[in-house]
Amino acid sequence: MSRRAIIIIKTLLHLLCLAPFAWLLHLFTSSALSNYADPINYITHFTGDWTLNLLFVTLAITPIRRLSPALAFLIRFRRLLGLYAFFYATLHLSTYIFLFSGYDITTALAGLRAGHPSELVTQWKLIWPRMVGDALKRRFIQVGLFAWTLLLALAVTSPTFILRAMGGKNWQRLHRLIYVAAIAGIIHFWWLVKKGDYSPAFDTLVLTILLLARVAYVVIKRSKKTTATLKSA
Ligand code: HEM
């Protein structure tokens, strides 16, 4: 694939991945957000859903590219998609901190403008005990934080110079944690919905298919290796 084609596809992917964020910005800058019964709840769910969607697209790259050598170029876009999954996970976490938990951003910014940057910390101190209490009490928050921490580790180690420093094999092993993050994301979803609510079922099915594709690939690769060893013996 030519360099020009890669640049065009990357530009399109950036635009597609930023579209949900642009939608959120539109809601914030217009009065459209007031059309929702619970705007904060809507934003939390929207960013949570997009984190999962982008995690799945990232995970789907590997099995799809293995279908044909002609699709091998897809690997060039996996890192970009993974970083967008982290971007939405961070927006989701920020929604929880700044909107859900009651961080008074207006007061904090007014303080900042008036030359009192300490107001940022004061507001933080006010919500911190509530957030810690929430995290200790609600297991879906714990598993969500676990998933986000894994994605943070993957995002931080994503640059090429870190890949080189770590060595390809170690880097690959670490980056398989994306599967653990996706599983934790699904557990988070099941634990937050009420009993009898099956809304996480579709996402669970998608992740199961992606995990099965991975297992099938490993099994086929191993059996091919065994056959080759037996033939050469
Ligand atoms: C990779 C990490 C995460 C993923 C994939 C994720 C995904 C999701 C999903 C899919 C939903 C439900 C969306 C819907 O109902 O349509 C959700 C809701 C929510 N998440 Fe997360 N989440 C993650 C991390 C976190 C973290 C770190 C926090 C907070 C510390 C958090 C707090 C919440 C809250 C408060 C809700 C709404 C709960 C409610 O409706 O009562 N999530 N998340």
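A nonpolar patch here is made of residues with over 30% relative accessible area and no salt bridge, their side chains (Val, Leu, Ile, Met, Phe, Trp, Tyr) being joined within 5 Å. Keep that in mind for the second half of this tour. The model is a predicted one, and there are two spots to look at: the shell around the ligand and a nonpolar patch on the surface.

**Around the ligand**

- The ligand is surrounded by 21 residues, and the closest are His45, Asp49, His92, His188 and Leu192.
- Asp49 has a side-chain N or O atom 2.9 Å from an oxygen atom of the ligand.
- His92 puts a polar side-chain atom 2.8 Å from a nitrogen atom of the ligand, and for His188 the distance from a polar side-chain atom to a ligand nitrogen is 2.9 Å.
- Zooming out to helices, α2 (39-65), α3 (78-100), α6 (139-156) and α9 (177-192) are the elements that give two or more residues to this shell.
- The top contributor is α2, with seven residues.
- Sorted by class, the shell has eleven nonpolar residues, nine polar ones and one charged one.

**The nonpolar patch**

- Phe98, Ile105, Leu109, Leu112, Leu120 and Val121 make up this surface patch, and together they have about 450 Å² of accessible area.
- Both α4 (105-113) and α5 (118-137) supply at least two of the patch residues, with α4 giving the most, at three.
- Leu109 sits in helix α4.
- Because its relative accessible area is 38%, Leu109 counts as partly exposed and clears the over 30% cut-off for patches.

Note on methods
Residues are numbered from 1 along each chain as its sequence is written. This is a predicted model: local features need pLDDT of at least 70, side-chain atom pairs count only at pLDDT 80 or more; totals for chains, interfaces and linings use all residues. Side-chain values use heavy atoms; hydrogens and water are left out. A residue is near a molecule or strand if one of its heavy atoms lies within 4 Å of it. A polar contact is a pair of N or O atoms within 3.5 Å; within protein, one must be able to donate a hydrogen and the other to accept it, and residues adjacent in sequence count only if both atoms are side-chain atoms. Helices (H or I, at least four residues) and strands (E, at least two) are DSSP runs, numbered from the N terminus. Ala, Val, Leu, Ile, Met, Phe, Trp, Tyr, Cys and Pro count as nonpolar, Asp, Glu, Lys and Arg as charged, and the others, Gly among them, as polar. Patches are made of residues with over 30% relative accessible area and no salt bridge: like charges are joined within 9 Å, nonpolar side chains (Val, Leu, Ile, Met, Phe, Trp, Tyr) within 5 Å. Accessible areas come from the Shrake-Rupley method with a 1.4 Å probe; for residues, only the protein chains shown count as cover. A salt bridge is a side-chain nitrogen of Lys or Arg within 4 Å of a carboxyl oxygen of Asp or Glu. Buried means under 20% relative accessible area, exposed over 50%, partly exposed in between (1.4 Å probe, protein chains only).
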